[in-house]
Amino acid sequence: MVSPLSLYLVFIHIALQSIYTSECAFNIFRYPLNRVEKKYGGISENERLRLKKDTKEMFYFGYDSYMKYAYPKDELNPIYCNGRGPDYDNPSNININDILGDYSLTLIDALDTLAILGDAGEFRKAVTLVIENVSFDKNSTVQVFEANIRLLGALLSAHLLIQDENKPFGNLEPEWYDGELLEMASDLASRFLPAFDNSKTGLPHPRVNLREGVPEGSRTDTCTAGAGSLLVEFGVLSRLIGDPVYEMSARRANRVLWKLRNSETGLLGNAVDVDTGKWVGELSGVGAGLDSFYEYLLKAYILFGHPEDFAMFNETYSVIKQYMRRGRPHCNSGSGDHPLYVNVDMKNGGTQTTWIDSLQAAFAGIQVLAGDVEEAICTHALYYTIWKKYGVLPERFNWQRISPDVMFYPLRPEFVESTYLLYQATRNPFYLHVGRDILTSLNNLTKAQCGYATIHSVLDMTLEDRMESFFLSETCKYLYLLFDVDNPVNLNSHRYMFTTEGHILPLAPWLRQHSWDADLFPAVDQVTPTNVSQANCAVIDDERLYGLPLKSQYLEQISVSLGVEL
Ligand code: DMJ
């Protein structure tokens with residue numbers, strides 16, 4: 001029997017292919033092209049290969065330097081060429097201590113990028129180093145969410161890549177391998193469980209000490225994404241080791257959050273107290289604090305096939321559109337301001353801030369996955385214009401004053417990620433140009449003595465001595481995959497899904513069946529897919545048959561409003 005999910009994915013695939021086949025998109029002889037359309041026309045094969053090579057070099061400059069100057073520490077300091085671990089002297093330094101735990105974070109986070117780059121030898125070497133040298137029995141207090149997405153996701157992904165009998169990335173298996181990465185994943189996840197055990201509501205405490213559990217008197221406020229973005233990794237682990245406790249804990253947390261949504265609007269806030277279940281942040285948006293909660297509802301459904309997750313995603317996506325979206329009703333037709341998703345009050349949908357943040361750039365990728373490609377094109381175009389204005393994305397951009405509110409750029413991947421996913425969905429060379437701009441900026445603005453550095457301020461492009469692990473695990477990976485059109489991940493895109501940290505997981509039947517399903521997941525009402533574009537070549541007007549995914553009048557509108565020349 002064909003499952004609803006397979007039908008859904010096939011449907012999206014066919015819809016996308018029919019909108020943007022090369023005959024549809026690039027018939028350059030039938031229309032006089034304007035300057036912008038000409039500029040974003042096709043990229044030559046030689047140029048694409050150069051971009052792929054340069055991206056690979058970017059990765060290895062960061063990775064080799066990490067191995068030379070920083071390993072076994074967690075992160076590379078790319079300016080002073082040394083390593084960085086937890087700030088044990090200052091436990092309240094959560095900017096560092098939430099993420100770094102003395103477990104060679106950058107190496108673990110980079111594992112599947114090595115496989116995707118085709119470097120099976122270095123992958124095996126790295127796996128060996130991780131197994132021989134990393135222990136999670138550490139007196140480190142870390143954020144469960146960060147350790148889950150960066151470490152647990154990476155270990156599961158690497159283990160599953162090793163186990164793949166088809167070996168699409170070559171021989172990744174060390175001769176002696178006997179599931180050690182899965183054992184490490186299981187050990188790590190068991191250290192997260194006290195976060196749930198000590199909670200009165202079922203929402204996880206935000207931080208655990210890897211040795212001692214939840215520290216006495218530790219903070220009980222968590223962001224919604226922190227509490228509600230565990231299901232993908234926890235679900236995969238449960239299914240691999242046959243222990244439902246992880247999946248149950250993550251699913252229960254999602255259900256608790258879901259029940260806390262506002263009864264009038266259906267919106268969730270951005271922070272909640274895990275002891276009282278009361279919202280302590282009532283800002284609702286698609287960026288920081290909530291982003292991966294939405295993402296994981298959809299991704300959990302794609303992986304495991306439970307209609308409950310899809311129903312939650314659909315309802316939440318619809319209230320996001322209802323309350324947060326401003327601007328003209330359709331991305332590529334009609335009049336009005338360029339569409340924008342603003343931060344609102346969860347109680348009434350009133351606009352709460354005049355800034356958007358750089359994490360929101362990932363939302364276009366979620367829209368692609370949901371089949372809402374036209375909307376994704378618009379969402380992405382806004383962030384591209386901001387990127388062009390500064391060369392990178394400021395952490396917060398004030399759309400009213402047209403200036404940054406928070407100036408730093410820590411090499412985040414979200415904009416690269418949605419650029420890659422939009423290229424996969426549309427095959428429009430516009431996105432290769434965007435990728436080239438990203439690569440050029442990263443090399444011109446962030447390359448330091450021995451790695452790539454955080455931009456401290458987009459106003460003067462001063463640098464900070466930090467290269468976060470997601471630079472190698474996500475930013476470089478998505479950029480490489482954008483240019484490496486023949487990568488096994490791209491040739492088999494229906495077989496893989498990315499976690500929120502960019503780790504690839506297989507879409508496989510064994511992840512969609514389990515003996516505990518019937519008890520854990522009572523039947524819910526039939527859910528029907530929504531938001532899947534049914535457009536095809538025939539209904540795309542002439543201008544769209546040429547270079548640009550967003551009509552040039554709209555691209556011009558947004559570039560003029562932001563004062564940027566495209
Ligand atoms: C990464 O750890 C992940 O992409 C996460 O979903 C959001 N934050 C960072 C990158 O910005």
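## Exercises on a predicted chain

The chain exposes about 21,200 Å² (accessible areas come from the Shrake-Rupley method with a 1.4 Å probe; for residues, only the protein chains shown count as cover), and carbon and sulfur atoms supply 50% of that area. This is a predicted model, where local features need pLDDT of at least 70 and side-chain atom pairs count only at pLDDT 80 or more, while totals for chains, interfaces and linings use all residues. Residues are numbered from 1 along each chain as its sequence is written, and side-chain values use heavy atoms, with hydrogens and water left out.

**Exercise 1. Find out how many helices and strands the chain has, and what share of its residues is buried.**

Step 1: Go through the secondary structure, where helices (H or I, at least four residues) and strands (E, at least two) are DSSP runs numbered from the N terminus. You get 24 helices and 20 strands.

Step 2: Now for burial: buried means under 20% relative accessible area, exposed over 50%, and partly exposed in between (1.4 Å probe, protein chains only). Of the 566 residues, 63% are buried.

Step 3: Look at contacts (heavy atoms within 4.5 Å). Take those between residues at least 6 apart in sequence: 72% of them join residues at least 24 apart.

**Exercise 2. Place leucine 260 and decide whether it is buried, partly exposed or exposed.**

Step 1: Leucine 260 sits in the loop between helix 14 (245-259) and strand 6 (271-273).

Step 2: Its relative accessibility is 23%, so leucine 260 counts as partly exposed.

Step 3: Skip its neighbours within four places in sequence, and leucine 260 touches Leu203, Val272, Gly277, Trp279 and Met346. Take glycine 277: it is 17 residues away along the chain, yet the two C-alpha atoms are separated by 7.7 Å.

**Exercise 3. Work out the strand order of the sheet that contains strand 6, and name its edge strands.**

Step 1: Two strands pair if DSSP finds at least two bridges between them. Here that gives an open sheet of 3 strands in the order 5-6-7, with antiparallel pairing.

Step 2: Strand 5 (221-223) and strand 7 (279-281) each pair on one side only, which makes them the edge strands.

Step 3: Zoom in on strand 6 and strand 7, which are joined by 2 bridges. Valine 272 stands opposite tryptophan 279 in strand 7.

**Exercise 4. Describe the hairpin made by strand 13 and strand 14.**

Step 1: Strand 13 (residues 396-398) and strand 14 (residues 403-406) run antiparallel, with 3 bridges between them. Arginine 396 stands opposite valine 406.

Step 2: The hairpin has 4 residues between its strands, and in the turn isoleucine 402 has a positive phi of about 55 degrees.

**Exercise 5. List which residues surround the ligand and find how much of the ligand the protein buries.**

Step 1: Collect the residues with a heavy atom within 4 Å of the ligand. They are Ile149, Arg150, Leu359, Arg412, Pro413, Glu414, Phe470, Glu474, Thr500 and Glu501.

Step 2: Check the polar side chains. Arginine 412 has a polar side-chain atom 2.7 Å from a ligand oxygen atom, glutamate 474 has one at 2.7 Å from a ligand oxygen atom, and an N or O atom in the side chain of threonine 500 is 2.7 Å from a ligand oxygen atom.

Step 3: Taken alone, the ligand exposes 290 Å², and the protein buries 93% of that.

Terms used:
A polar contact is a pair of N or O atoms within 3.5 Å; within protein, one must be able to donate a hydrogen and the other to accept it, and residues adjacent in sequence count only if both atoms are side-chain atoms.
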